[in-house]
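Hi,

Here is the structure I promised to pass on. Have a look at it first, then read my notes underneath.

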Amino acid sequence: MAKEELLTMEGYIEEILPDGRFAVTLDNEHKIIAYTAGKMRKFRIRSVVGDRVHVEMTPYDLTKGRIVFRERTPGQAGGPPRRRGQFKR
């Protein structure tokens, strides 16, 4: 049997919940509970309230999803400046 296609929607993070979950409001005003995808955890991509995100959902349960992409916000550089170590080479 073929796998069902995942639905990809856009929205923004409304609230941070315990256990690494987020309350996300989609562009069509539906609210879902989403968790961070494994690649985002691996590369330590942090999400905060107000971030625009892309969410994948299965057609079987439209109340839960997985955050797969966080859009860059305008005015945000590459992150905090990197500090040099205290040892000189």
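Below is what I found, going from the strands to the core and then to the salt bridges.

First, the small print. This is a predicted model, so keep in mind that local features need pLDDT of at least 70 and side-chain atom pairs count only at pLDDT 80 or more, while totals for chains, interfaces and linings use all residues. Residues are numbered from 1 along each chain as its sequence is written, and side-chain values use heavy atoms, with hydrogens and water left out.

On to the strands. Helices (H or I, at least four residues) and strands (E, at least two) are DSSP runs, numbered from the N terminus, and two strands count as paired if DSSP finds at least two bridges between them. Strand β1 covers residues 7-17 and runs antiparallel to β4, with six bridges joining the two. In that pairing, T8 sits opposite E56 of β4. β1 also runs antiparallel to β2, again through six bridges, and here I13 faces V24 of β2. β1 and β2 make a hairpin with three residues between them, and D19 in the turn has a positive phi of about 65 degrees.

What makes up the largest nonpolar core? It has 11 residues in all: I13, F22, V24, L26, I32, A34, M40, V53, V55, M57 and I67. Three strands each supply at least two of these residues: β2 (21-26), β3 (31-36) and β4 (52-57). By nonpolar core I mean a set of buried Ala, Val, Leu, Ile, Met, Phe, Trp, Tyr and Cys residues joined through side-chain atoms within 4.5 Å. Buried is under 20% relative accessible area, exposed is over 50%, and partly exposed lies in between (1.4 Å probe, protein chains only).

V24 is a good residue to click on. Leaving out residues up to four places away in sequence, V24 touches G11, Y12, I13, E14, H30, K31, I32, A34, V53, V55 and I67; a contact here means heavy atoms within 4.5 Å.

Now the charged side chains. The structure holds six salt bridges, each defined as a side-chain nitrogen of Lys or Arg within 4 Å of a carboxyl oxygen of Asp or Glu. One of them joins K31 and E14 at 3.4 Å, N to O. K31 lies in strand β3 and E14 in strand β1, so this pair ties together parts that are 17 residues apart in sequence. K31 counts as exposed at 60% relative accessibility, whereas E14 is partly exposed at 32%.

Another one joins D27 and R52 at 3.0 Å, N to O. Because D27 is in the loop between β2 and β3 and R52 is in strand β4, the pair links parts 25 residues apart in sequence. D27 is partly exposed at 45% relative accessibility, and R52 is partly exposed at 29%. E10 comes in here too, since E10, D27 and R52 are linked in a network of salt bridges.

D61 and K64 also meet in a salt bridge, at 3.7 Å, N to O. D61 is partly exposed, with a relative accessible area of 29%, and K64 is exposed at 52%.

One last spot is E29, in the loop between β2 and β3. Is E29 buried or exposed? At 62% relative accessibility, E29 counts as exposed. E29 and G11 are 18 residues apart in sequence, and their C-alpha atoms are 8.6 Å apart in space.

Cheers
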